[in-house]
There are 2 protein chains.
Amino acid sequence: MAITLEPIGFVEVGMEPKEKAKGVESKYEYVSTIYIYEDYVDGLDGLEDYSHIYIIYFMDRVGESILKVRPWGKEENPIVGIFATRFPPRPNPIAISVVELLRIEGPRIFVRGLDAWTGSPVLDIKPYDYYDIVKKPRVPSWFLDKWVDHMVSKRYSEIVPWLGPID
Amino acid sequence: MAITLEPIGFVEVGMEPKEKAKGVESKYEYVSTIYIYEDYVDGLDGLEDYSHIYIIYFMDRVGESILKVRPWGKEENPIVGIFATRFPPRPNPIAISVVELLRIEGPRIFVRGLDAWTGSPVLDIKPYDYYDIVKKPRVPSWFLDKWVDHMVSKRYSEIVPWLGPID
């Protein structure tokens with residue numbers, strides 16, 4: 001049974017390969033804009049009352065799906081199933097990103113924290129609310145190692161103080 | 001440009017109309033099971049290292065989409081855009097639910113907190129990690145009112161102490 005979806009918009013300004021060359025170290029250091037098609041713009045009313053939202057988009061440039069992956073290709077990490085990771089080459093390459101909502105101007109949504117390539121089709125926008133917060137989830141050690149490293153190297157506590165588990 | 005997806009499984013035991021009749025007061029009071037099709041089961045390896053996961057499913061019994069909604073039909077709530085709510089009748093009725101992962105037995109995932117009807121097609125499973133935590137997001141007052149009411153009436157602090165913003 002196939003399910004057919006129609007994009008409600010697209011990532012107008014997103015992640016670009018050049019960002020890396022410019023010294024951008026994380027997805028929290030640049031602003032992305034999402035363009036919502038005219039037919040759906042009225043559906044955004046009231047979204048600005050939330051500080052954070054989910055962007056649900058389609059990773060349209062991903063290759064064939066795989067079932068196993070070694071996270072970040074690092075030898076010390078175990079090979080795990082694709083559903084135990086957020087890596088793109090999944091059976092249905094849908095991405096969900098929690099982003100900071102900066103502002104809305106007509107059909108454009110300005111956000112911080114989106115790691116979607118420019119041009120990616122957007123499928124849905126949802127508010128981030130209290131039912132989405134797990135205070136301190138358990139995660140595997142390979143994830144934790146990376147997080148601790150990024151907290152320092154990417155200065156998360158400074159740039160995105162709203163992010164992450166409760167100490 | 002249409003996007004076509006194929007379910008990776010379905011909600012084998014989910015929310016049922018009768019649950020309400022039985023005195024179930026919230027989605028955290030019953031256990032749901034998800035059945036993953038054989039071709040994808042290997043993709044679950046390592047998922048059990050997470051305490052919480054996202055279930056991305058298709059709300060296949062939703063009616064025609066609407067752009068404006070009055071949350072819970074309550075007169076005192078403002079009419080807002082569908083994207084400012086989590087209500088089902090959206091242009092693309094994809095749902096994302098943060099659930100507690102109880103256990104995995106072969107092709108079956110047992111979870112707490114899923115509000116999907118039995119039979120709903122499942123599109124993706126993702127781990128919930130630290131990038132999904134916003135410590136204390138801003139939400140509209142109509143949401144907050146409901147939350148405060150539910151915290152007490154549905155005994156969230158007792159049943160799901162891991163849920164919600166940091167005090």
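Biologist: Leaving aside the neighbours within four places in sequence, which residues is A:I109 in contact with?

Modeller: This is a predicted model, and a contact in it means that heavy atoms lie within 4.5 Å. Read in that way, and with neighbours within four places in sequence set aside, A:I109 is in contact with A:S32, A:T33, A:I34, A:I36, A:L44, A:L47, A:I53, A:L101, A:R103, A:I104 and A:I125. One of these partners, A:L44, is 65 residues away from A:I109 in sequence, while the two C-alpha atoms are 9.3 Å apart in space.

Biologist: In which strand is A:I109 found, and does A:I109 count as buried or exposed?

Modeller: A:I109 belongs to strand β8 of chain A, which covers residues 108-112. Buried means a relative accessible area under 20%, and A:I109 is counted as buried because its relative accessibility is 0%. For chain A taken as a whole, buried residues account for 54% of the 167 residues.

Biologist: Of the contacts in chain A between residues at least 6 apart in sequence, what percentage join residues at least 24 apart?

Modeller: The share is 73%, counted among the contacts of chain A whose residues are at least 6 apart in sequence.

Biologist: How many helices and strands does chain A have, and how do its elements run from the N terminus on?

Modeller: Chain A comprises three helices and nine strands, and, starting at the N terminus, their order is β-β-α-β-β-β-β-β-β-β-α-α. The radius of gyration of chain A is 17 Å, close to the 15 Å that the globule rule gives for 167 residues, so chain A is as compact as a globular protein of that length. The C-alpha trace of chain A spans about 50 × 45 × 35 Å along its principal axes.

Biologist: What does chain A expose, and what percentage of it do carbon and sulfur atoms supply?

Modeller: The exposed area of chain A is about 7400 Å², of which carbon and sulfur atoms supply 51%. As for charge, chain A has 20 positive and 26 negative charges, and the mean positions of the two sets are 8 Å apart.

Biologist: What rotation superposes chain A on chain B?

Modeller: Chain A is superposed on chain B by a rotation of 180° with 0.0 Å of shift along the axis, at an RMSD of 0.0 Å, and that is the relation of a two-fold axis. Both copies use the same surface, since 100% of the contact residues of chain A recur in chain B. Of the residues of chain A, A:T4 comes closest to the rotation axis, its C-alpha lying at 2.3 Å.

Notes: Residues are numbered from 1 along each chain as its sequence is written. Chains are lettered from A and ligands numbered from 1 in the order in which they are written. This is a predicted model: local features need pLDDT of at least 70, side-chain atom pairs count only at pLDDT 80 or more; totals for chains, interfaces and linings use all residues. Side-chain values use heavy atoms; hydrogens and water are left out. Helices (H or I, at least four residues) and strands (E, at least two) are DSSP runs, numbered from the N terminus. The radius of gyration is taken over C-alpha atoms; the globule rule is 2.2 Å times the number of residues to the power 0.38. Buried means under 20% relative accessible area, exposed over 50%, partly exposed in between (1.4 Å probe, protein chains only). Accessible areas come from the Shrake-Rupley method with a 1.4 Å probe; for residues, only the protein chains shown count as cover. Lys and Arg count as positive and Asp and Glu as negative; His and the chain ends are not counted. The place of a charge is taken as NZ of Lys, CZ of Arg, CG of Asp or CD of Glu. Copies are superposed by least squares on the C-alpha atoms of residues with pLDDT of at least 70 in both.
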